[in-house]
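The exercises below are meant to be worked with the model open beside the text. Try each task before reading its solution.

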Amino acid sequence: MLTYEGLPFSLITGIDLSMNQLKDSIPSQMGNLKELRFLNLSHNMLSGPFPESFKNLENIESLDLSHNMLVGMIPPQIVQLHSISTFSVAFNNLSGVIPYEQQFSTFKESSYTGNHDLCGEPLQRNCSSNNRSQTQDGKGEEEDNFGILDHPMFFYLLVAISYALGFWSFIALLCNKNRRRKLFRIVDRFFD
């Protein structure tokens with residue numbers, strides 16, 4: 001594995017590796033990029049925990065880790081990032097209490113959307129022990145309350161069944177000679 005070190009690497013101020021199908025965990029060494037102001041790793045397949053070393057990115061202004069598969073908690077030390085103005089970890093698998101202090105109290109719900117096990121401000125989920133309890137199969141209670149009617153596949157299935165029933169009902173109507181004549185008479189009266 002190659003590593004890059006030295007003065008040029010430490011002076012990087014922006015990295016955008018979004019939509020690159022990156023896998024595995026985020027290297028903790030990225031926290032050593034003290035001059036980094038902009039980091040976008042969104043829309044990849046990054047997994048593993050949110051790097052605690054990111055608390056060292058003291059000049060970071062924009063951090064986007066959304067649309068990945070990160071797990072675990074957002075480190076509470078992240079509130080030490082006083083320059084940050086844009087932050088998103090939306091659509092990951094993060095859990096626990098959202099650090100909601102200092103600059104992080106300015107971020108909206110959209111920064112955390114899609115993390116079903118995150119709780120606290122600015123989300124509507126309270127961090128009571130009931131919300132964070134785990135069932136035996138490893139799913140939180142909130143996932144257990146996720147009904148089949150809420151699943152997008154249910155909608156598509158319902159639309160497909162409706163179209164199939166409508167189509168075959170119309171075909172059956174046309175195959176019956178008496179009903180077909182009645183249908184044509186009704187249509188003729190409608191257009192006369």
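**Exercise 1.** Determine whether Phe87 and Phe104 are buried or exposed, and describe how their rings are arranged.

*Solution.* Begin with accessibility, where buried means under 20% relative accessible area, exposed over 50%, and partly exposed in between (1.4 Å probe, protein chains only); on this scale, both Phe87 and Phe104 are buried. Next, apply the ring rule: rings of Phe, Tyr and Trp (its six-membered ring) pair if their centres lie within 6.5 Å, and planes under 30 degrees apart count as stacked, over 60 as edge-to-face and the rest as tilted. By this rule there are eight aromatic pairs, among them Phe87 and Phe104, which meet edge-to-face at 5.0 Å centre to centre with 70 degrees between the planes. Then locate the two partners: Phe87 lies in strand S7, whereas Phe104 lies in the loop between strand S8 (93-97) and strand S9 (117-119), so that the pair links distant parts of the chain, 17 residues apart. Finally, Phe87 and Phe104 belong to one aromatic cluster together with Phe50, Phe54, Phe107 and Tyr112.

The model is a predicted one, in which local features need pLDDT of at least 70 and side-chain atom pairs count only at pLDDT 80 or more, while totals for chains, interfaces and linings use all residues. Residues are numbered from 1 along each chain as its sequence is written, and side-chain values use heavy atoms, with hydrogens and water left out.

**Exercise 2.** Place strand S7 in its sheet, and explain why one side of S7 is left without a neighbour there.

*Solution.* Strands (E, at least two residues) are DSSP runs numbered from the N terminus, and two of them pair if DSSP finds at least two bridges between them. The open sheet has four strands in the order S1-S3-S5-S7, with parallel pairing. Because S1 and S7 (86-88) stand at the edges with a single partner strand each, one side of each has no neighbour in the sheet. For S7, three bridges lead to strand S5 (residues 62-64), and Phe87 is the bridge partner of Leu63.

**Exercise 3.** Which residues does Ser18 touch, not counting residues up to four places away in sequence?

*Solution.* Ser18 sits in the loop between strand S1 (14-16) and strand S2 (23-24), and it counts as buried because its relative accessibility is 18%. Taking contact as heavy atoms within 4.5 Å, Ser18 touches Asn40, Leu41, Ser42 and Asn44 under that sequence restriction.
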